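I opened the notebook to look up a handful of places in one chain. I start with terms, then go from the whole chain to single residues.

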Amino acid sequence: MASPEMSPMRLVVVGAAGRMGRTLVRAVSENPGAILHAAIEREGSPAIGQDSGMLAGLPANGIPVTTDALEAFVGAQGVLDFTAPAATVAFSALAAQARLVHVVGTTGMSEADIGKLTLAARHAVVVRSGNFSLGVNMLAALVKRAAASLGPDWDIEIIEMHHRMKVDAPSGTALMFGEAAANGRGVSLSNAAVRARDGHTGARQEGTIGFQALRGGTVIGDHTVILAGNGERIELRHIAEDRGLFAQGAVKAALWGLNRKPGHYSMNDILGLES
Ligand code: NAD
């Protein structure tokens, strides 16, 4: 947290007209440790030229949405990025050049995309998380512990539900829970994951971690991790009630990253939870 005598951290919101982008503009305005430096959108977005405060449902802030990230990054100290994988990879190179703290909430990134972020993290602080809420990161620690304590005869299934506009599946948060469970068991998620079932699949294979993604309505994010044993089961559940909590977590992550040594960090580093 920035101390009161420090000047507020200058943050750029990229994807400023998106669901999370607008929420981030509000979260920055609510945090006395931060100030909005610029608001960026993709070429062709109808939001270009509009006041980013008004777009976020606030009074006008005099900062119009523009497309020029390079110019926006000059004089900034951090970037809040909840956009799309290709955009995030491009922003990471620019943010590293400018030595900005890059907070990445974008999900659906490939291994290759993440590799590029790790390269950028040699020169600047990158904080990336599939979920910036305290509750989800706490639940991931509990999932890891349960998976470590219970044997592989306890089947692990992860169910998530999100609004109808979400474009990737399973959610980044569901994959975080999968990673936590796999870590607890000392296996790799890519070997253990079963990401879809359809038709004559045969019996469940022991030790696998299953995913189911539901889409509909305006659900912000519901996740349930089920550990099903013989004759009993445990359900660990998280419900996000407001996008604001992700945005507040992202601003907190940016403030945490200021003046820290370059590296690829996660929300666990910020919350002091074991990774
Ligand atoms: P959205 O589609 O409403 O917003 C994305 C915005 O990014 C759009 O306005 C789009 O125009 C903009 N964009 C795309 N490419 C761009 C570019 N090259 N330059 C500038 N802007 C660009 O989506 P959303 O619901 O806000 O979610 C965005 C991302 O954040 C998704 O990957 C989602 O899964 C993720 N998300 C993460 C968390 C978390 O806590 N980590 C929470 C919620 C959402």
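**Terms.** Helices and strands here are DSSP runs, helices of at least four residues and strands of at least two, numbered from the N terminus. I keep in mind that this is a predicted model.

**Asparagine 31.** I began with asparagine 31. It sits in the loop between α1 (19-30) and β2 (34-40). I asked whether asparagine 31 is buried or exposed. Its relative accessibility is 14%, and the cut-off for buried is under 20%, so asparagine 31 counts as buried. I then looked for its partners beyond four places in sequence, and found Val251 and Leu255 in contact with asparagine 31. I also took a distance to methionine 9. The two residues are 22 apart in sequence, and their C-alpha atoms are 10.0 Å apart.

**Whole chain.** I stepped back for an overview. I counted 10 helices and 12 strands. The C-alpha trace spans about 60 × 40 × 30 Å along its principal axes. I checked the radius of gyration against the globule rule. For 275 residues, a compact globule would come out near 19 Å; the chain has 19 Å, so the two agree. Of the 275 residues, 49% count as buried.

Next I looked at contacts with a separation of 6 or more. Residues 24 or more positions apart account for 69% of them. For the surface I noted about 13400 Å² exposed, with carbon and sulfur atoms supplying 53% of it. For charges I noted 24 positive and 25 negative side chains. The centres of these two sets lie 2 Å apart.

**Helix α5.** I picked one helix to see how it is placed. Helix α5 covers residues 111-120. Which of its residues are buried? I found Asp113, Ile114, Leu117 and Ala120. Seen down the axis of α5, these buried residues fall within an arc of 110°, so they line one face of the helix. The general rule helps here: an α-helix has 3.6 residues a turn, so residues three or four places apart point the same way. On the other side of α5, I found Glu111 and Ala112 exposed. What covers the buried residues of α5? The cover includes α4 (85-97), β5 (101-104), β6 (125-128) and β12 (263-265).

**The loop before β12.** I stayed with β12 and went to the loop between α9 (244-257) and β12, where proline 262 lies. At 42% relative accessibility, proline 262 counts as partly exposed. Proline 262 and alanine 121 are 141 residues apart along the chain, yet their C-alpha atoms are separated by 5.8 Å. Proline 262 touches Ala121, Arg122, His123, Ala124 and Val125, with residues up to four places away left out.

Asparagine 259 is in this loop between α9 and β12 too. Its phi is near 65°, a positive value in a residue other than glycine. At 74% relative accessibility, asparagine 259 counts as exposed.

**Backbone oddities.** I followed up with other backbone angles. Most residues other than glycine have a negative phi, and most peptide bonds are trans. Arginine 99, in the loop between α4 and β5, has a positive phi near 60°. At 53% relative accessibility, arginine 99 counts as exposed. The peptide bond from alanine 169 to proline 170 is cis, with omega near -10°. Proline 170 lies in the loop between β7 and α7 (172-185).

**Arginine 195.** Proline 170 came up again here. Arginine 195 touches Ala169, Pro170, Leu175 and Phe211, not counting residues up to four places away. Arginine 195 lies in the loop between β8 (193-194) and β9 (209-215). At 48% relative accessibility, arginine 195 counts as partly exposed. I took one more distance: arginine 195 and glutamine 97 are 98 residues apart along the chain, with their C-alpha atoms separated by 37 Å.

**Tryptophan 154.** My last stop was the loop between α6 (134-149) and β7 (155-162), which holds tryptophan 154. With a relative accessible area of 13%, tryptophan 154 is buried. What is tryptophan 154 in contact with, leaving aside neighbours within four places in sequence? I listed Arg185, Leu227, Ala228, Gly229, Glu232, Arg233 and Ile234. The C-alpha atoms of tryptophan 154 and glycine 244, 90 residues apart along the chain, are separated by 35 Å.

Methods. Residues are numbered from 1 along each chain as its sequence is written. This is a predicted model: local features need pLDDT of at least 70, side-chain atom pairs count only at pLDDT 80 or more; totals for chains, interfaces and linings use all residues. Side-chain values use heavy atoms; hydrogens and water are left out. The radius of gyration is taken over C-alpha atoms; the globule rule is 2.2 Å times the number of residues to the power 0.38. Buried means under 20% relative accessible area, exposed over 50%, partly exposed in between (1.4 Å probe, protein chains only). Contact means heavy atoms within 4.5 Å. Accessible areas come from the Shrake-Rupley method with a 1.4 Å probe; for residues, only the protein chains shown count as cover. Lys and Arg count as positive and Asp and Glu as negative; His and the chain ends are not counted. The place of a charge is taken as NZ of Lys, CZ of Arg, CG of Asp or CD of Glu. The arc is that of the directions from the helix axis to the C-beta atoms.
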